[in-house]
Structure formats: structure tokens, C-alpha cells
Amino acid sequence: MKKIIIGNWKMNPENLILARKIFSEIKKLSKKFPKIDIVVCPPFVYLSDLKNKIDKVSSLKLGAQDVFWDNPETGSRPFTGEISASMLRDAGVKYVILGHSERRSMGETNEEVNKKIKIALGAGLTPIICIGEKEHDIDGKFFETLKIQIKDTLNKIKKSDLQKIIIAYEPIWAIGKNESESMKGEDLYQMAIFIRKILSEMFGQVEAFKTPIVYGGSVSPFNVKDIISEGHVSGILAGRSSLESQKIAEILDILSII
Ligand code: PEP
């Protein structure tokens, strides 16, 4: 499976000039590492501008950090402040992060994420579905949390659509921490097996093994080798590191040789 690095810029950087600068630096790196997919997910307001910097055949793609679950094309109700999937597509977006823990903490439910997945797939966008437990408790209750998240968010998703989806396993306790507090590769491997088991039960083994799983939670050049080689995942979702092109360069260097 092709390796992938997804950068979640969250509510950064502060202005368009800075966004253009970081994006141009990442674009240069994408030319040096064409075999690794790079997805940059900036705030909505920068998307249309950054779209102009992307070549059609590049391994660098744009992603959004959310989408609304309804579409004006279906002629439904008005929704002040929301952004539709077709608007994102028009802004050059190919991927969309859904169900990030920071959105879930503001009240987003599995059912809403499920509706967003359907609307994104309908618009030809690749959903990056975030799942993850708040606590990695000793009794293993987190397995049940993950199982419910996977089953509910992927409820009634067509088997043929599973290949168009990326699962981002992001344990909440590991996000925004020091890299030494991130999940260790061997523990991640257990989680990746568990996620594939649930996907197999829902969609069959063949489809489950074709679905990329990426890890997110304090990834940096310091821990990325362990995460990929011991965790056996297809790539990473990085928050803070994705705003520093030097760190991305180091991560790409490591990914290219493992
Ligand atoms: C994230 O926000 O999804 C994330 C993984 O952030 P960080 O890499 O900064 O922990």
C-alpha cells in the first residue's frame, strides 16, 4: 500500500501569506518524494487559493478538516455557516477529515460522522475517518468504544466504498502531547489488528485489508519509524509537525527508506 502523510493544520497558520509559504515548501518536498502521498488539510478559507499551487499529477493533495452532512444541490434547508461537499470539490479538495476528536468534543456524534461520510463519498471525496479512545484503560474498555465508533460511523456504507475510505486511528490521550507520550508501535499494531477485525466482520476480510489505516497522535521525526515499522500502518496524520516543513522533510526521509 502506498504510504501517506496527512497534515491537519487545525486553525493555523494565522494568515494566507504564511499558509502559502508552508504549502510551497511542502510542494517542493512532494516533488522529491513522489512515491509518498501528501495531503495537506488547511482551514477552509485558504483552500481555493492553495488549489492554484497544485499540479494535476502531483502526489500533493488538498484536504478539508470537515464538511457538512447536507448538500444544497438536494434543495434542502438552509444552513448558516456550513460548507458543502460540492463546495469543497470546487475548491480543489480531494480528502476530508471527519470525526476528529476536537469536533467530537464539541458535540459531533457517530451518526453525524456517518452522514458526512456518505455526502463526502457522493461528491467523490476521500473521507479520513478519525476514531480513538479517550483513555487506554487497563480493563480494555477502549476496545468497545472503538468498535461502536467503527460500526456506527460506517453504518450502511457500501462494501465497494470501503476502499475509498481512510481510517485514522487517533487515541485522544496521545494527541497534542510530547512525542515520548505517543503510542508505541507495538501497541499500535494490536490496535490496527483490532480495527481490521471489526472491518472484516462488517465488510469481509478482502475489503478490510485494502483499507488504509493511519495513526495520529504526536507524530514527529523522533517516533515515526517505530510507528510505521512496528505499528504496520500505511501512514500518519500529523497536527503540529505538519506546520513545520523541516519536520515534514525529516518524516518523508524516514518514510522513504522503510
Ligand atoms: C491531530 O490533531 O489530529 C494530531 C494528531 O495532532 P498532533 O500531531 O499535534 O498530536
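## Around the ligand

Let's start at the ligand: one of its oxygen atoms sits 2.6 Å from an N or O atom in the side chain of Arg240. Keep in mind that this is a predicted model.

The backbone joins in too. A polar backbone atom of Gly176 is 2.7 Å from an oxygen atom of the ligand, and for Gly239 a backbone N or O atom lies 2.8 Å from a ligand oxygen. In total, 13 residues surround the ligand, and those that come nearest are Lys10, His100, Glu170, Gly176 and Arg240.

## The loop before helix 1

Lys10 is worth a second look. This residue lies in the loop between strand 1 and helix 1, and its phi is near 50°, a positive value in a residue that isn't glycine. Most residues other than glycine have a negative phi, and most peptide bonds are trans.

The loop between strand 1 (4-8) and helix 1 also holds Pro13. Here the peptide bond is the thing to check: going from Asn12 to Pro13 it is cis, with omega near -10°.

## Helix 1 meets helix 2

Follow the chain on and you get to helix 1, which covers residues 16-32. Two packed helices are described by the angle between their axes and the distance between the axes. With helix 2 (residues 44-51), helix 1 packs at an angle of about 55°, and the axes are 10 Å apart. Angles from 35 to 65 degrees fall in the oblique class, so helix 1 and helix 2 are oblique to each other. Helix 1 passes helix 2 in a right-handed crossing.

Who does the touching? On the helix 1 side, the contact is made by Leu16, Ala19, Arg20 and Phe23, and on the helix 2 side by Tyr46, Asp49 and Leu50. Sorted by class, that gives 5 nonpolar residues, 2 charged ones and no polar ones.

## Helix 1 meets helix 10

Helix 1 has another partner in helix 10 (residues 245-257): their axes come within 10 Å and cross at roughly 15°. Angles under 35 degrees count as roughly parallel, so that's how helix 1 and helix 10 run relative to each other. This crossing is right-handed.

The residues that meet here are Glu25, Ile26 and Leu29 from helix 1, and Ser245, Ile248, Ala249 and Leu252 from helix 10. The contact of helix 1 with helix 10 breaks down into 5 nonpolar, 1 polar and 1 charged residues.

Definitions and conventions. Residues numbered from 1 in each chain as written. Predicted model: local features only at pLDDT ≥ 70, side-chain atom pairs only at ≥ 80, totals over all residues. Heavy atoms only, no water. Axes fitted to C-alpha atoms, helices over the stretch in contact; angles between N-to-C directions. Helix = DSSP H or I, 4+ residues; strand = E, 2+ residues; numbered from the N terminus. Parallel < 35°, antiparallel > 145°, perpendicular 65-115°, else oblique. Left-handed = near helix turned anticlockwise from the far one by under 90°. Contact = heavy atoms within 4.5 Å. Nonpolar A, V, L, I, M, F, W, Y, C, P; charged D, E, K, R; others polar. Near = heavy atom within 4 Å. Polar contact = N/O pair within 3.5 Å; in protein donor to acceptor, adjacent residues only side chain to side chain.
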